Structure formats: structure tokens, C-alpha cells
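Subject: A structure for you to explore

Hi there,

Here is the structure I promised to pass on to you. Have a look around it first, and then read my notes below with the model open beside you.

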Amino acid sequence: MKLFLFLFLFFIIGYSIGTKIPNQKNKIKFNNEALNTKTSSSVQSSETIYLWPMPKKVLNGNITVYISPDFKFSTNLTASTTLKKAMDRYYNLIFGQDSKSHSGISILNEIKILVKSNDETLQIGFDESYEIFIDDSGDDGGKIIAETVYGAIRGLETLYQMISFDYEGEYYLIKGCPWIIEDSPRFPHRGVMLDTSRHFYSVDVLKEFIDALAYNKFNVFHWHAVDSQSFPLTSVIFPKITKGSWSNQEIYSIKDIKSIIEHAKERGIRVELEIDMPGHAYSWGIGYPEVLPANFSVSTECQSPCPTECNIPLDISSKESYLVAMGLLTEFNHPSLFNESFFHIGGDEVAYPCWNNSLKIAHWMKQENLTTFQDAAIYFEIKAIQQLIKLGKTPVMWEDAYLLFGTSGVIDKLPQEVVVQIYHNPLLAVNTTRDGYKTLQSPYWPYYLDNPYVDWETVYEFDPSTGIHKKDLHLLLGGETCMWSELVDPSNLFAKIFPRASATAERLWSNIKNSNSTTKAKPRLERFRCSLLERGIGAAPLNSTSPQIPNSCYLS
């Protein structure tokens, strides 16, 4: 009777994600009765399911399955080195202890990873859906079924969180079997922005950061690589650009850049580069002084010395500014380097007073019939946008560009190809989507991680879709939480980012109907934080920078 009621509720209150399961996998044992997964929908066990982010659809039981010491992963996609590396990586993460055979009858010897497509293209909207099936007897093994290798990688992360080790018995196990999980993300763009200009992060630290993104099921590393304080990216075309780095030891070589991108791709993480222009360009001028406006330091607003502020824009009247800016866009968008379709060109916080005392700029504006500095900024930004479109890229810009074009008399509106990233009032997304722009949410409250006053509950309760008209919701691509590095470096990076960014991760991945309670989320987030610590990611305690008393991570 209990089983019948459970399955009845599962069918009535759940929903199906519509994934077709091969015929030979349509039946899975549930408490010794056949459960047809084609017609079943979703309900969760009354006990806490310690998975993060919460999958879209979960059904589980109460049987423990023990894992054989001879356990292995297998796959139909044997030619994929990406999948093989992922299987090896997760095998090593999961099975770090020597284990023994268990005398029980439910023994799991193998999990088959079945991938339907060998397409490993990594662009906006790539398929990350997956299904997990674990029988309660172990006889049929387990299965992860995915459309792409990246969905399989997301499934492996969920599996990692399901498996535990019994130190007393010295065996691995999966509780709560059988398991049926069907999962896919709510938004196609889920990222963390990291600023590597204000402080430098080594390649190893960035790779560890990318690992942490994958554990959280993020899929974008927004690399805010350069700013006024430093320009650490090597350019072959403009070799003097790295004179604007902090030092000769704090530069990313071409080899470094490619290594970071490859490391990310193997984990299903897109790397979206940002080179902010025309503002925040002081570091450009260390190697190429002709790109900065003449006499900018005469203006009171432009006298703040680096490294504190120094927000000096490019000289938009200088031919050298266009040569360097458009050349960098071309170089860094070459398929052999950043093969990502999104490229961020900033467009924010242009310090117009820095142009006040340049006769050259004044003369150029008169020639071009530009009456305001805002019009001059638009002139430059149109050039940059057109250059990216010519290169086959999608321009991404901070909200300043949307607001700037909307108030100018020179250009009626921002080109429709631009993706607008919001960082002030999130309700601006109502306007951007209404006007037909694809939009990303990164409001400083609550998504700026350098703000110590925002707790994880505030982050978790923020719904990026609030206020957006239903017909415009498809234009909301997702969002990014942002780690500006004025007061952050490798010594405190991970504690500043996690677990607050993990709250964002679930909000952007999970259906909000399945994950809308901080009370229910808290024990899951605490457990997930423990799993990050196990893997060397120094996530801080919830709403604290350090532990307050001696305690267990798992009992906190």
C-alpha cells in the first residue's frame, strides 16, 4: 500500500522532462516491483536528499547498495578523450581508499555511461542534461545516460555526491537505492566572473577555480582578465601590452591561456574573456602611451593613482587606440585561442572628465560632428561591436551600454546582437528583455561576492527572472556571480567565493519550484560545502569567514 501511494503521488505531482530512455532501460527495480520510468513523474523521498544543486526530478528508495572493489566505469563513447579523462578524474575523486567486498547481496560492479552524441562543441546552449539509474539489487549495474559528454560530466558530479565510504567496514556504498534522476539546467548561462587584474592568480589557482565551478555545475568562467590596474595577457601582435602587468612574474603566456581554456573545456566550462573598453584602460598606456588621452591628469576626477582607482579611458580620437583595441579583439578571438562565441567588451564606467583637457579629442569630435562625450563613447563602442560581429562573435556589455545608447541622440538603440549584463538594479532586465535584448543578471546585491554583508540566504532567495514578462523570459540567458579582486587574492579567494556562489549555482540550475526554501536548502548546502573541502576547495562556513568553534563539518 505504501509503495502504491508513493508511486501515485509520484505520478500526480511530478512532471517529466521528456527525455526518451532506450527500451532496455525502461524498467528499474523499486522495492522488488517494476517501475516504468517512461510514464513516471517526480516526487522526492521524505528524507533530505543531499544533492547540490537539486536535480529537476528525483525518485529514490531505502535500500543500500554496496560497491565492489572491482567497480569500473564503462562507456559506449570510447573515442572521447574528454569523457575518458572525466571518468578517470571522478574515479580517483570517489575511490581514494582501499576497499573490501561486502557480504551483502546488493553489489554494484559497474556504471555504464551512455552518451548519445559525439559532438563536443562548447557554446551557449550546449546540452547538459543527464539521467542516472541505480538498481536496488546491483544486478543491472547503474547507468548515466546523457546527450553529450558534458551532460555525462554533470551526472558524474551528482554520482560523486551519492557515494560514501564506510570506514568501519571499509567499503563504498550508495544509500537510498533505487535511484532515478532526470536533470537539466534552468538557464543555459551560469557563471562566475573572476577579476585577475587587481590581483594575479597563478594558472594552478585558476584551474582549481575551474574545478570548483564544475563541482557546482556552473558552465561559464567569465575571465575579467584586464583592467586599469594591470594587463597580464600576452599579446603576440602587441608585445608591449604586458608592460602594464604587475610584474614580469605575473603574466599569462599564450601557453598558459590555452592550458586554462583546455582545462575548462574538459569540465564543460566555457571561458568568456572580457577586455573592457573604452574605460578602465590605464594599464594599456604603460606599453602604448599614445592610447591614453592627453593631459588626463589635469582633471580632478582622473588624478587617483594606481593601484587604487586610476580609471582612465582610451583616447577615442587616437588612431592608435583603434589599432590596438580592434587588433586585440581580432587576436584573442582567433579560433586557436578563445573559440568561445561570447566576448565581453565591458563598456562600463567611462570616466568622461578624463577627456576634458585634450584639444585633440575636442578637434576630433568637431570633425565627426559629435556634441557630447557620450556620443563619442558610442562612436567607439559601435566600432568594437561591429568588429566582434565581423569576427562571428556575440558582444557582451555591461548595462552602461544599454543605458548610454538609450539616452543618445546619435544612435537610436544598441545593436540587437549585444547581450546586456546587469549589475545594478535587477529589474532593469524587465526593460532589456522587453526591448529584445538577451540578458544576464549580475546585480551587485546580491551577486557581488566582494560584498561581505550579503549572506547565502539572500543570494539563494534572489530569483533572476523576477518581474520579467512571460513572453520575454526566453531572453534571460541566466546570470553570473562576480568576484572583484581589490581585496581578494589567492590566499582568501575560495573562502570568499564559496559557499555563497553555490547558492547562485542552485538558483541558476534548479527549477525554483523544487528549491525555494532556505530552511530545506541549508543542510544540503552544508553537506555540499563538506564535499568541496574534501576536494581541496577552501569553502568558508555558511555566513562566516572561519569556524567559530571546534566541530565536524558534517555535524555543523
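What follows is a short tour of what turned up in this structure. Please keep in mind that this is a predicted model.

**The nonpolar cores**

Let's begin on the inside. In general, nonpolar side chains of soluble globular proteins tend to be buried together. Here the largest nonpolar core has 152 residues. Which of its members touch the most others? They are Phe221, Trp223 and Trp284. The element that gives the most residues to this core is helix α4, residues 203-215, which supplies 9. There is also a second core, separate from that one, made of 6 residues. Met193, Tyr423, Tyr448 and Cys482 are among them.

Trp223 is a good residue to click on. Leaving out neighbours within four places in sequence, its contacts include Leu194, Leu206, Leu233, Ile257, Ile260, Val271, Leu273 and Phe338. Trp223 is also in contact with Thr196, Tyr252, Glu272 and Glu274.

**A charged residue on the inside**

Next, find Asp375, which sits in helix α9 (residues 373-390). Asp375 is buried, yet it has no salt bridge. Where is the nearest side chain of opposite charge? It belongs to Lys383 and is 15 Å away. For a salt bridge, the charged atoms would have to be within 4 Å. Asp375 does have a polar contact, though: its side chain is joined to that of Thr371 at 3.2 Å.

**An enclosed helix and the proline before it**

Now move along to helix α15, residues 500-509. All 10 of its 10 residues are buried, so this helix is largely enclosed by the rest of the structure. Some of the buried residues in α15 may catch your eye, including Arg500, Glu506 and Arg507. Ala501, Leu508 and Trp509 are buried there as well.

Pro499 lies in the loop between α14 (493-497) and α15. With a relative accessibility of 5%, Pro499 counts as buried, because the cut-off for that is under 20%. Apart from residues up to four places away in sequence, Pro499 touches Leu525, Ala539, Ala540, Pro541 and Leu542. If you would like to try the distance tool, pick the C-alpha atoms of Pro499 and Lys255: they are separated by 31 Å, and the two residues are 244 places apart along the chain.

**Cysteines, paired and unpaired**

How many disulfides are there? The count comes to 1. The partners are Cys530 and Cys553, with their sulfur atoms 1.9 Å apart. Cys530 is in helix α16 (residues 518-534), and Cys553 is in the segment after α16, 23 residues apart from its partner. The torsion about their S-S bond is about -115°, so this disulfide is left-handed. Are the two partners buried or partly exposed? Cys530 counts as buried at 2% relative accessibility, whereas Cys553 counts as partly exposed at 22%.

Why does Cys482 have no bond to Cys310? Cys310 holds the closest cysteine sulfur to that of Cys482, but the distance is 20 Å, which is too far for a bond. Cys482 is buried, with a relative accessible area of 0%, and Cys177 is buried at 0% too.

**Some backbone details**

Finally, here are a few spots to check along the backbone. As a rule, most peptide bonds are trans, and most residues other than glycine have a negative phi. The peptide bond from Trp52 to Pro53 is cis, with omega near -10°. Pro53 belongs to the loop between β2 (33-36) and β3 (57-75). The bond from Trp445 to Pro446 is cis as well, with omega near 25°, and Pro446 is placed in helix α12 (residues 444-447).

Two residues are worth a look for their phi angles. Glu170 has a positive phi of about 60° although it is not a glycine. You will find Glu170 in the loop between β7 (163-166) and β8 (171-183), where it is partly exposed with a relative accessible area of 30%. Lys217 is not a glycine either, and it has a positive phi of about 60°. Lys217 is in the loop between α4 and β10 (220-224), and at 1% relative accessibility it counts as buried.

Enjoy exploring, and write back with any questions!

Best wishes

Terms used:
Residues numbered from 1 in each chain as written. Predicted model: local features only at pLDDT ≥ 70, side-chain atom pairs only at ≥ 80, totals over all residues. Heavy atoms only, no water. Core = buried A, V, L, I, M, F, W, Y, C linked by side-chain atoms within 4.5 Å. Buried < 20%, exposed > 50% of the residue type's maximum accessible area, 1.4 Å probe, protein only. Helix = DSSP H or I, 4+ residues; strand = E, 2+ residues; numbered from the N terminus. Contact = heavy atoms within 4.5 Å. Lys, Arg positive; Asp, Glu negative; His and termini not counted. Polar contact = N/O pair within 3.5 Å; in protein donor to acceptor, adjacent residues only side chain to side chain. Disulfide = S-S within 2.5 Å.
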